[in-house]
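Thanks for making the time, everyone. I would like to walk through one chain with you, moving from a single sheet to the cores and then to the charged pairs.

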Amino acid sequence: MTFTRSARRRTRLSQTTSALALVLGIGFIGMGSVQAANLTCGTPLRIHTAKDTWSADARYASAPQGAAVPLRDDYQWTGGVGGWLDKTTTNHLPEASELSGSNLTGPIQGDWISFGESPSVITDGVVANGALVAGRVSFTYNEKITIANNVNLSSIKIRGTGGFDNYALFLVKPDSTPASATNATNWVRTTAGSGAGMENDAAPTLISLDGDATGLGFYYGDNTIGFAIRNFASADTSPSNVTGVIADFEITADCLGAPAPQPTTALMCPAGNVAGDTVRIGPFTTNARDWKWTWRTNAGQLENVEQPLFDSYRFRDYFDPTALTGTDATTARWISPGTTDPASSDIPGVPYPAATGQSNGGVNGSTFVMNQPINVGNNVDLASIKLEGRFGFDNYGNSVYVLPAGGTASYGGQYLPNIYTAYSPVVATPNIAGFARGQNTIGFMVDGLEANNSCSGGMCALAAIAQFDVIATCTGVDPVVVTPPVAATPTAVPTLDVAGLGLLGLLSAGVGALALRRRNRSAR
């Protein structure tokens, strides 16, 4: 078949358009198969139970390793004392709408979702057979809850009204955790509702969970949520022993703003300073973006092996820096490796990577350093430099670490406050030796008392928090400001128009032809 030039162009365009449409179609298919509901700061996300938007992990008693049982929404148990609550006459409890911006008033939305009475369904779940929670049947929302990195995980709250047959736990399964990085995880966190819990099917029950009191298990990215129900009467359903759930609830969260950059002002006295004057720079604050863990203890010796730090973790007894207000308000965050096995009250309730070398018997087990160096000017008394601010350490803060550029690190002493249930009062360290003119890396020598972070129940935490200024005494000498050389401005490269590009192409072709002729001549 012979094509004209224009026909070939049309054919190529058609092929390209078809291929593009196929790619876009595949993309839309993929996008449609993965649904997510974004949890936006300050905006309640409302969810209610329905057959088409929820699933369960129960299996038929006749096929315990078979496919999951589909849900029903047309069943209403009438046994017991009055049977299940009637959704058409049930209103939200007043406490369900206590969160800012809530719309949970009036009749509840949603349906009872269950398996009916027959055939018999296993409710005593076996994890090896697909159950999310052992000994329970889990009803999960099909859309995943997506949490952006600017959400304060400890601020997540859930309020609503529901009915539960029988005992329900709120379930969260994050797609990834700090311990799993970007890989899928099987971590599941279940939490009982506050107060009377979620245990009543005949009357409306309050759904109430607070992420600042309990580690709910949410983490950044996608999260599966639901209710894990324990059918206490039997391991299987029957006409006299059914199970189900109805729920209408909202999830809310507050934003956690990005920490301000660390100050870059030099520790230098102004012109006209008098000997004995004080100069101060700051405040410097701890956060995982600007700090790192550089030294750990191995066989009783410090070794330079960097391990990750996080500022989303909070041990159950740590004070919450985001809750401080007024003159106590701080932008500092707890920095910690977290723990591999968090307790139910540890925030945010997810596992963190294993870390070792946290302790050297209580003194100088690890070193947390700030990425931003302190630039010390020419007219401060080096022997007078100190830190002043508020601190917190778990278990022990020992001393300030100093490493001048091209020099030797120094540290020593035990003068930092050992406290983590509250911010320390404003304290000043002793004068710190080891600073030199120019850039100096600073940090804290800390000790977690336990060698690693893998103790059961999260009892091996290591962490630090600080907001501080660096201060020094002036010598009376005027400052010497060294201005860095200005890089030469590169010569601009002229931009060729269409005619210029065409001329360049002709010249290139001519040069190529000339070279070919020369090669042919030499070959002769």
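Let me begin with an open sheet of four strands, which in this predicted model follow one another in the order 15-24-20-22, with antiparallel pairing. At the edges stand strand 15, residues 278-285, and strand 22, residues 427-428, and because each of them has a single partner strand, one side of each is left without a neighbour in the sheet. If you look for the place where strand 22 is held, you will find that two bridges join it to strand 20, residues 386-394, and that these strands run antiparallel. As a landmark for that pairing, please find Gly-389, which stands opposite Val-427 in strand 22. As general background, strands of a sheet pair through backbone hydrogen bonds, and they may do so in either a parallel or an antiparallel way.

Stepping back to the whole chain, the model has two helices and 24 strands, and of its 524 residues 44% are buried. Among the contacts with a separation of 6 or more, 80% are between residues 24 or more positions apart. The accessible surface comes to about 25200 Å², and carbon and sulfur atoms account for 55% of that surface.

Now to the interior. Which residues touch the most other members of the largest nonpolar core? That core has 55 residues, and the ones to look for are Phe-139, Ile-156, Phe-170, Ile-225, Phe-227 and Phe-249. Strand 14, residues 244-252, supplies the largest share of this core, namely four residues. There is also a second, separate core of 34 residues, with Val-279, Ile-385, Phe-435 and Phe-468 included in it.

Let me turn to charge. In general, side chains of opposite charge can pair when their charged atoms come close, and in this chain the count comes to 15 salt bridges. I will take three of them in turn.

The salt bridge between Asp-210 and Arg-159 has its closest N and O atoms 2.8 Å apart. It links distant parts of the chain, since Asp-210 lies in strand 12, residues 205-210, and Arg-159 in strand 9, residues 157-165, with the two positions 51 residues apart. Is each partner buried or exposed, or somewhere in between? Asp-210 has 24% relative accessibility and so counts as partly exposed, whereas Arg-159, at 5%, counts as buried, because the cut-off for that word is under 20%.

The next salt bridge is formed by the side chains of Asp-311 and Arg-333, at 3.6 Å from N to O. Both residues are in the loop between strand 17, residues 301-307, and strand 18, residues 366-370, and they are 22 residues apart. Here Asp-311 is partly exposed, with a relative accessible area of 23%, while Arg-333 is buried, with a value of 13%.

In the third salt bridge, Arg-316 meets Asp-346, with the closest N and O atoms 2.9 Å apart. These two also sit in the loop between strand 17 and strand 18, and 30 residues separate them. In this pair Arg-316 is the partly exposed partner, with a relative accessible area of 29%, and Asp-346 counts as buried at 0% relative accessibility.

To finish, let me return to Asp-210 and Arg-159, which are joined together with Glu-98 into one network by salt bridges that share partners.

Definitions and conventions
Residues numbered from 1 in each chain as written. Predicted model: local features only at pLDDT ≥ 70, side-chain atom pairs only at ≥ 80, totals over all residues. Heavy atoms only, no water. Buried < 20%, exposed > 50% of the residue type's maximum accessible area, 1.4 Å probe, protein only. Contact = heavy atoms within 4.5 Å. Areas by Shrake-Rupley, 256 points an atom, 1.4 Å probe, with all protein chains shown as cover. Core = buried A, V, L, I, M, F, W, Y, C linked by side-chain atoms within 4.5 Å. Salt bridge = Lys/Arg side-chain N within 4 Å of Asp/Glu carboxyl O. Pairing = 2+ DSSP bridges.
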